[in-house]
Every structure is written in structure tokens, then in C-alpha cells.
Amino acid sequence: LLSLAFLLLMHVSRHSFASVIALANNVSVPNVAKMLGHSSTRMTQHYAKVLDQSILRDMQEVEKHFSI
């Protein structure tokens, strides 16, 4: 059970680093892939999609405040 919790923590940590820290601060997808040890940018693109969805959600919230 402890090893499962550790694996989950590692996954969440890597995901947070990629999407919240690196990609949100304009680090290129290829460079994030290298930082995470991905052999290609395919998996890293998954993190970028999460970031795009977050941006869309935030923009929709802003739009609510400016809609008449």
C-alpha cells in the first residue's frame, strides 16, 4: 500500500511540474519532455492539453464577468 501511495505521489508531482510549473512558464514541450525523461514529446503533449483546458475554463470565467 505504501508503494502505491508513493507511485501516486510521484505521478502527481511530475504532472504538476510539467503542467503548472514548466509549461505555464513557457518552457517548450520538447524541453519539458527531456526534463521528465520522456523518449518523445507525445506524453508531454498530454500535459499541455490539460493546461489548455485550464486556460479555457479560466477564460470562460472571465467572460462571465464581462458579459452583458
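This passage describes the helices, the nonpolar core, selected residues and the surface of a predicted model.

The core is a good place to begin. The largest nonpolar core comprises 8 residues, namely Ala18, Ala22, Leu23, Val29, Val32, Leu36, Tyr47 and Ala48. Helices α1, α2 and α3 each contribute at least two residues to this core, and α2 gives the most, with 3 residues. In general terms, nonpolar side chains tend to be buried together in soluble globular proteins.

Helix α2 deserves a closer look. This helix spans residues 29–36, and Val29, Val32, Ala33 and Leu36 are buried within it. These four lie on the same side of α2, because they cover an arc of only 105° around the axis. As a rule, an α-helix has 3.6 residues a turn, so residues three or four places apart point the same way. Just after α2 comes Gly37, where phi is positive, at about 80°.

Where does Val29 stand between buried and exposed? With a relative accessibility of 18%, Val29 counts as buried, because the cut-off for that class is under 20%. Val29 belongs to helix α2 and, leaving aside neighbours within four places in sequence, is in contact with Leu23, Thr41, Thr44 and Gln45. Leu23 is also listed with Val29 among the members of the largest nonpolar core. By contrast, the C-alpha atoms of Val29 and Leu4 are separated by 28 Å, with their positions 25 residues apart along the chain.

Thr44, one of the contacts of Val29, is located in helix α3. Its relative accessible area is 0%, so Thr44 is buried. Which residues does Thr44 touch, not counting those up to four places away in sequence? The list reads Leu23, Val29, Val32, Ala33 and His38. Among these partners, Val29, Val32 and Ala33 are buried residues of helix α2, while Leu23, Val29 and Val32 are members of the largest nonpolar core.

Attention now turns to helix α1, which covers residues 2–22. Phe17 has its place in this helix and is partly exposed, with a relative accessible area of 29%. Leaving aside neighbours within four places in sequence, Phe17 is in contact with Ala22, Met35 and Leu36; of these, Ala22 and Leu36 are part of the largest nonpolar core. The C-alpha atoms of Phe17 and Leu36 are 9.1 Å apart, although the two residues are separated by 19 positions along the chain. Ser16 lies in helix α1 too and counts as partly exposed, at 31% relative accessibility. From Ser16 to Thr41, the C-alpha to C-alpha distance is 17 Å, for a sequence separation of 25 residues.

Helix α1 also takes part in the surface. A nonpolar patch is formed there by Phe6, Leu7, Leu9 and Met10, which together have about 410 Å² of accessible area. Met10, in helix α1, has a relative accessible area of 37% and is thus partly exposed. Membership of such a patch requires over 30% relative accessible area, so the 37% of Met10 satisfies that condition.

Helix α3, residues 42–66, includes Ile55. This residue is partly exposed, at 46% relative accessibility. Ile55 and Lys34 lie 21 residues apart along the chain, and 24 Å separates their C-alpha atoms.

Finally, there is the matter of charge pairing. How many salt bridges does a search of the whole structure find? The search returns 1, and it links Glu61 to Lys64, with the closest N and O atoms 3.5 Å apart. That distance meets the criterion, because a salt bridge needs a Lys or Arg side-chain nitrogen within 4 Å of an Asp or Glu carboxyl oxygen. Glu61 and Lys64 are separated by about one helical turn, because they are 3 residues apart in helix α3. Side chains of opposite charge can pair when their charged atoms come close. The two partners fall into separate accessibility classes: Glu61 is partly exposed, at 39%, whereas Lys64 is exposed, at 59%.

Terms used: Residues are numbered from 1 along each chain as its sequence is written. This is a predicted model: local features need pLDDT of at least 70, side-chain atom pairs count only at pLDDT 80 or more; totals for chains, interfaces and linings use all residues. Side-chain values use heavy atoms; hydrogens and water are left out. Patches are made of residues with over 30% relative accessible area and no salt bridge: like charges are joined within 9 Å, nonpolar side chains (Val, Leu, Ile, Met, Phe, Trp, Tyr) within 5 Å. Accessible areas come from the Shrake-Rupley method with a 1.4 Å probe; for residues, only the protein chains shown count as cover. Buried means under 20% relative accessible area, exposed over 50%, partly exposed in between (1.4 Å probe, protein chains only). The arc is that of the directions from the helix axis to the C-beta atoms. A nonpolar core is a set of buried Ala, Val, Leu, Ile, Met, Phe, Trp, Tyr and Cys residues joined through side-chain atoms within 4.5 Å. Contact means heavy atoms within 4.5 Å.
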